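Here's a quick Q&A walk through a protein model. Have a look at it first, then we'll go piece by piece.

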Amino acid sequence: MINSEFRLLCESLGFYSSKYILDYLKRFAGNENIKDRPIDYWLKGKSNCVDPIPVDVERLFINLQSKQFEIVKRERDSLVQNKPISFKYVFKDPSKMWLLYPELEGLPVTFLNQIMIRLGISLDYFENNEGA
């Protein structure tokens, strides 16, 4: 995978910056020693060469993409069958999202946002409905 492909993959999953990627790799993928500089290179590349992305990191994000596709398919099937969907809100606070949707633990709220974009449904912020 070249740098531009990795960048598009990460953005399609809601990982819009090296900070999101770094947080995820450190907290949920066991890569404690990783620094943000290599991630910046993976996302931006250099003009004169390709910055290699570790295979385990590539695989991790490809697996996240598969997970996202599975969720979208499941939710789309529910919509087609007029069944209630699981996801009803977008979030500002990831910890609230993780409590309500444990399968998304560790992922940024923008991961869920990308699912919602693919589903094409209108939603409200969870925080607007907490007291309801």
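Q: At what angle do α1 and α4 pack, and how far apart are their axes?
A: Bear in mind that this is a predicted model. The residues making the contact are F6, L9, C10 and S12 on the α1 side, and V57, F61, I62, Q65 and Q68 on the α4 side. The angle comes out at about 40°, with the axes 10 Å apart.

Q: Are α1 and α4 parallel, perpendicular or oblique to each other?
A: Start with their packing angle of about 40°. Roughly parallel needs an angle under 35 degrees, and roughly perpendicular runs from 65 to 115. The pair fits neither class, so α1 and α4 are oblique.

Q: Is the crossing of α1 and α4 left-handed or right-handed?
A: This is the pair with axes 10 Å apart. As α1 passes α4, the crossing is left-handed.

Q: How is α2 oriented relative to α4?
A: Those two helices pack at an angle of about 100°, with axes 12 Å apart. The window for roughly perpendicular is 65 to 115 degrees, so α2 and α4 are roughly perpendicular. As for who meets whom, I21, Y24 and L25 of α2 touch V57, L60, F61 and L64 of α4. In a word, the orientation of α2 to α4 is roughly perpendicular.

Q: Which element gives the most residues to the largest nonpolar core?
A: That core has 33 residues, and F6, F15, I21, F61, L104 and L112 have the most contacts inside it. Two or more residues come from each of α1, α2, α3, α4, α5 and α6. The top contributor, with six residues, is α6.

Q: How many of the 11 residues in α6 are buried?
A: The buried ones are V109, T110, F111, L112, Q114, I115, M116 and L119. They pack against α1, α2, α4, β1 and α5. Just past the helix, G120 takes a positive phi of about 70°. The buried count for α6 is eight.

Q: Which residues does L104 touch, leaving out those up to four places away in sequence?
A: L104 is among the residues with the most contacts inside the largest nonpolar core. One of its partners, L112, is on that list too. The full set is I71, F87, M97, W98, F111 and L112.

Q: Which residues of α1 are buried?
A: The cover over them includes α2, α3, α4 and α6. Just after the helix comes G14, which has a positive phi of about 90°. The buried residues are N3, F6, L9, C10 and S12.

Q: Is S78 buried or exposed?
A: S78 belongs to helix α4 and touches K83, P84 and I85, not counting residues up to four places away in sequence. Its relative accessible area is 14%. Since buried means under 20%, S78 is buried.

Q: What pattern do the helices and strands follow along the sequence?
A: The chain has six helices and two strands. Read along the sequence, they give α-α-α-α-β-α-α-β.

Q: What share of the chain's contacts with a separation of 6 or more joins residues 24 or more positions apart?
A: The chain has 132 residues, and 37% of them are buried. It exposes about 7800 Å², with carbon and sulfur atoms supplying 52% of that area. For those long-separation contacts, the share is 63%.

How values were computed: Residues numbered from 1 in each chain as written. Predicted model: local features only at pLDDT ≥ 70, side-chain atom pairs only at ≥ 80, totals over all residues. Heavy atoms only, no water. Core = buried A, V, L, I, M, F, W, Y, C linked by side-chain atoms within 4.5 Å. Buried < 20%, exposed > 50% of the residue type's maximum accessible area, 1.4 Å probe, protein only. Helix = DSSP H or I, 4+ residues; strand = E, 2+ residues; numbered from the N terminus. Contact = heavy atoms within 4.5 Å. Areas by Shrake-Rupley, 256 points an atom, 1.4 Å probe, with all protein chains shown as cover. Axes fitted to C-alpha atoms, helices over the stretch in contact; angles between N-to-C directions. Parallel < 35°, antiparallel > 145°, perpendicular 65-115°, else oblique. Left-handed = near helix turned anticlockwise from the far one by under 90°.
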